[in-house]
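Good morning, colleagues. Please have the sequence and the model open before you as I speak.

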Amino acid sequence: MPEAPARNPLDSFLNAVQATIDGPVTWFREKIVEPNRQTYPWYHQKFRRVPSIDQCYTDDAVCIFEANQQFKRDK
């Protein structure tokens, strides 16, 4: 779908700059990235194992959080 003609020179310039920047990025994503991406359904997602909560340090909040999330997933 062609875009509407620009109303003023500033719009024309901004459209040209946007096309210059976005064109190669869009081409790279559509031709290189997306064909090589492996898609898996969310229910087949595998998580790496983290230490259990008794192996975490008492001041390591991230480790405790991850251990709790893993425990909930394993239930």
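On one side of helix H2, the residues Ala-61, Val-62, Phe-65 and Lys-72 are exposed. I should say at once that this is a predicted model. Which residues of H2 are buried? They are Cys-63, Ala-67 and Gln-70. These three cover an arc of only 65 degrees around the axis, and therefore they lie on the same side of H2. A general point helps here: because an α-helix has 3.6 residues a turn, residues three or four places apart point the same way. The exposed residues I named a moment ago are on the other side of the helix.

As to the length of H2, the helix runs over residues 61-74, which is 14 residues. At 1.5 Å a residue it should span 20 Å, and its end C-alpha atoms are indeed 20 Å apart, so expectation and model agree.

Let me take the buried residues of H2 in more detail, beginning with Cys-63. Its relative accessibility is 11%, and because buried means under 20%, Cys-63 counts as buried. What is the partner of Cys-63 in a disulfide? The partner is Cys-56, and the two sulfur atoms are 2.0 Å apart. Cys-56 is buried as well, with a relative accessible area of 13%. The torsion about the S-S bond is about -65 degrees, so this disulfide is left-handed. The structure holds one disulfide, and this is the one.

Next, Gln-70, which also has its place in helix H2. Is Gln-70 buried or exposed? It is buried, with a relative accessible area of 8%. Leaving aside residues up to four places away in sequence, Gln-70 touches Arg-48, Arg-49 and Val-50. Its C-alpha atom is separated by 13 Å from that of Cys-56, and the two residues are 14 apart along the chain.

Arg-73 is in helix H2 too. At 40% relative accessibility, Arg-73 counts as partly exposed. The C-alpha atoms of Arg-73 and Phe-47 are separated by 9.7 Å, although these residues are 26 apart along the chain.

I turn now to helix H1. It comprises residues 9-36, 28 residues in all, and reaches 40 Å from its first C-alpha to its last. That is close to the 40 Å expected at 1.5 Å a residue. At the start of H1, a side-chain oxygen of Asn-8 comes to within 3.1 Å of the backbone nitrogen of Leu-10.

Where does H1 bend? The bend is at Arg-29 and amounts to about 35 degrees. Arg-29 appears again in the surroundings of Pro-35, a residue that is itself found in H1. Pro-35 touches Arg-29 and Glu-30, not counting residues up to four places away in sequence. With a relative accessible area of 53%, Pro-35 is exposed.

To close, I would ask you to look once more at two places in the model. In H2, Cys-63, Ala-67 and Gln-70 are the buried residues, and Cys-63 forms the disulfide with Cys-56. In H1, the helix bends at Arg-29, and Pro-35 touches that residue.

Key
Residues numbered from 1 in each chain as written. Predicted model: local features only at pLDDT ≥ 70, side-chain atom pairs only at ≥ 80, totals over all residues. Heavy atoms only, no water. Helix = DSSP H or I, 4+ residues; strand = E, 2+ residues; numbered from the N terminus. Expected span 1.5 Å × (residues − 1). Buried < 20%, exposed > 50% of the residue type's maximum accessible area, 1.4 Å probe, protein only. Arc of directions from axis to C-beta. Disulfide = S-S within 2.5 Å. Contact = heavy atoms within 4.5 Å. Bend = angle between axes of the 7 residues up to and from the residue. Polar contact = N/O pair within 3.5 Å; in protein donor to acceptor, adjacent residues only side chain to side chain.
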